[in-house]
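Colleague: Could you walk me through how to read the packing in a model like this one? I would like to start with the helices.

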Amino acid sequence: MDCYTLTVNGEVREIAGDEATPLVFVLRNDLDLIGAKLGCGLEQCGACAVLVDGEATLCCNRPAGEFAGKQITTVEALSEDTEGAAVQVAFIAEGAAQCGYCTAGLVVAATALLKKTPKPDRQEIASGLEDHLCRCGSHARVIRAIERASETLAHV
Ligand code: FES
Ligand code: FES
């Protein structure tokens, strides 16, 4: 059995298992970090997004071993992050979720977007969310939440 380490939410974690296992399964099954969801498993829905070295990254179809040496941040740690916390408060204020299955991935994507582009326009928000599907149709509220988070951050 392989043994390798991953850095997740600032901690080095030992993983015993096949390095070829997609990261989302390692996060959920080995590390009990169940915020990232398994949706399509084909990098087509965005439910599994995590930050990897600050970039929103889909992790349902890439071997966990590929992420060794990188900083992986899951939605569970984003309340400690300036942009991540503002995004979460704004999602709640705008009611930007329905069933919630896509929400962790969208929060991750919105956090990455606001780190790079603190005052995104509608086109930049759409581009930042292009990997993310929401079958419940919450996108209009998600866009408002990102605009609200951007406003909040401008006053921090
Ligand atoms: S579960 Fe990863 S993109 Fe759908
Ligand atoms: S809130 Fe249900 S899939 Fe987005």
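**Reading helices, sheet and domains**

Modeller: Gladly! In this predicted model, the axes of helix 2 (residues 82-94) and helix 3 come within 9 Å and cross at roughly 130 degrees.

Colleague: What does an angle like that say about how helix 2 and helix 3 lie to each other?

Modeller: Angles over 145 degrees count as roughly antiparallel and 65 to 115 as roughly perpendicular, with 130 falling in neither range. Helix 2 and helix 3 are therefore oblique to each other. The crossing of helix 2 past helix 3 is right-handed.

Colleague: Which residues of helix 2 and helix 3 meet?

Modeller: From helix 2 come E83, G84, V87, Q88 and F91, and they meet T103, V107, A110, T111, L114 and K115 of helix 3. Sorted by class, this contact has five nonpolar, four polar and two charged residues.

Colleague: How do helix 3 and helix 5 cross?

Modeller: Helix 3 (residues 103-116) and helix 5 (residues 139-154) have axes that come within 11 Å and cross at roughly 40 degrees. Roughly parallel would need an angle under 35 degrees, so helix 3 and helix 5 are oblique to each other. Here too the crossing is right-handed. On the helix 3 side you find L106, A110, L113 and L114, which meet V142, I146, A149, S150 and L153 in helix 5. This contact has eight nonpolar, one polar and no charged residues.

Colleague: Now the sheet. In what order do the strands run?

Modeller: The order is 2-1-5-3-4, in an open sheet of five strands with mixed pairing. Strand 2 (11-16) and strand 4 (55-57) are at the edges with a single partner strand each, so one side of each has no neighbour in the sheet. On average, neighbouring strands are turned by 40 degrees against each other, direction ignored.

Colleague: In which sense do strand 3 and strand 4 pair?

Modeller: Strand 3 (residues 50-52) pairs with strand 4 in the antiparallel sense, over three bridges. To find the register, look for V50, which stands opposite T57 in strand 4.

Colleague: And which domains does the assignment give for the protein chain?

Modeller: It gives domain 1 (3-77) and domain 2 (78-154). Their C-alpha centres lie 20 Å apart, and the contact takes 17 residues from domain 1 and 16 residues from domain 2. Strand 3 and strand 4 are the elements that give two or more residues to the side of domain 1 touching domain 2. That side has eleven nonpolar, four polar and two charged residues.

Definitions and conventions: Residues numbered from 1 in each chain as written. Chains lettered and ligands numbered in written order. Predicted model: local features only at pLDDT ≥ 70, side-chain atom pairs only at ≥ 80, totals over all residues. Axes fitted to C-alpha atoms, helices over the stretch in contact; angles between N-to-C directions. Helix = DSSP H or I, 4+ residues; strand = E, 2+ residues; numbered from the N terminus. Left-handed = near helix turned anticlockwise from the far one by under 90°. Contact = placed C-beta atoms within 7 Å. Nonpolar A, V, L, I, M, F, W, Y, C, P; charged D, E, K, R; others polar. Pairing = 2+ DSSP bridges. Domains from an automatic or database assignment.
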